[in-house]
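Q: Can you walk me through a few bits of this fold? Here it is.
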Amino acid sequence: MFSRSLQRLSANGFSAVRRGLWRCGDWVRAHPRLAAWFYRDAGTTDENYREFNGWYFAQFSEQEKMLADGPRMAFYHAAISRHVRPGDRVIDLGTGTGILAAFAARRGAAWVGAIDHSDILKHARRLAVHNRIENVDFIATHSRDFTAKERVDVILHEQMGDYLFDEAMVKNVIDLRDRLLKPGGLIVPARFDFFCEPVKVNDERLIPFIWELNVHGYDYSCMERSRPQDPQYYRHTSCDLGLVEHFLGEPEPALSVDLQTLLHESDLPRELRLSRTVVNAGRLDGFAVFFRAHVDEDLSLSSSPLDAGRAPHWGFRILRSETDEFAEGDTIELTLTVGEWAEPDTWRWSQRRIAATATRLTPIEIA
């Protein structure tokens, strides 16, 4: 009896400690300066991402998703077949299992520098030997720490994250371009369109904010006073083509980027203002973030939630909004402000509506 009582007492005590720590964590996250002190004191954001990246992409499960992505692999195979020529010197940034480096070597590249700071590189070396791939040097380092005696003709990369910018693509590729790409050399891929489109989610997949719910007469509206402070709560991730029913407007790029010509990461705008006229009436559930990568006019790769040929291993992200009904002809105006493009936790968005029959603006703020 005594041992059982002691066990219950210990369990209750530890449970109380956990609840206390969770509440402290919520309070700290609600105060940005404190959050920066507690959560980033171990290293800079860049250092923390390097550490995470090195662990994450060493997992076979992550490599499998990319290698099994048919549209992704077809896109890169076609791009390399078109743009790597015999005798070229090539850098493969973030080589992973080394398959893009192998494609380049098979095209007759004189030398391929396959760079990765993940432990996956030891497997890439073994795969190259197994597949009789030559002229590839596997280099275990971060790209910003890499130097070469000669400049290269082509930089290959697949640094796109679900939010396009969240894998430090711009910083890493521009650094290599400025230091190691020959004048007239190519970045593959270099051109990207970033989209942020108002969407209606299929009714059976919709998950509203908790304070919007009324479940068989049980009203949750009082929960709005307890809005979570965690930025991730306001974003949803999916690869499911059945999630989004339709775009409310006609999609068009919110931002287009060319890594061949972009001078600095700081040249990316910190605020985007978008306007969409509603052509598909319905409920607004959020804004879908996705991208399209371009190599040639007839060669591109999409992560759109409504593209049946999308590259499936990339998720699309939905910036959640409180549900609102829009009629055909209404206008949705979105403002997206960005602290750092590579850090979606710093993104904030707000929307307003212009009714087709009125000029009055209705502001709606989303945390």
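A: Here is a short chat about one strand and a pair of helices.
A: It's a predicted model, where local features need pLDDT of at least 70, side-chain atom pairs count only at pLDDT 80 or more, and totals for chains, interfaces and linings use all residues. Residues are numbered from 1 along each chain as its sequence is written, and side-chain values use heavy atoms, with hydrogens and water left out.
Q: Okay, S15: mostly covered or not?
A: Mostly covered: 9 of the 11 residues in strand S15 (residues 316-326) are buried, meaning under 20% relative accessible area with a 1.4 Å probe, protein chains only. Strands here are DSSP runs of E, at least two residues, and helices are runs of H or I, at least four, numbered from the N terminus.
Q: In which sense do S13 and S15 pair?
A: Antiparallel, over 7 bridges, with S13 spanning residues 282-296; pairing takes at least two DSSP bridges. Leu 284 has Asp 324 of S15 as its bridge partner.
Q: And over how many bridges does S9 pair with S15?
A: Strand S9 (residues 235-238) pairs with S15 over 4 bridges, in the antiparallel sense. Ser 238 sits opposite Phe 316 of S15.
Q: Switching to helices, at what angle do H5 and H6 pack?
A: About 30°, with the axes of H5 (residues 70-83) and H6 (residues 99-106) 9 Å apart. That makes H5 roughly parallel to H6, a label for angles under 35 degrees.
Q: Which residues make the contact?
A: From H5, Met 73, Tyr 76, His 77 and Ile 80; from H6, Ile 99, Leu 100, Phe 103 and Ala 104. Contact means heavy atoms within 4.5 Å.

Conventions: Buried means under 20% relative accessible area, exposed over 50%, partly exposed in between (1.4 Å probe, protein chains only). Axes are lines fitted to C-alpha atoms, for helices over the stretch in contact, and angles run from 0 to 180 degrees between N-to-C directions. Angles under 35 degrees count as roughly parallel, over 145 as roughly antiparallel, 65 to 115 as roughly perpendicular and the rest as oblique.
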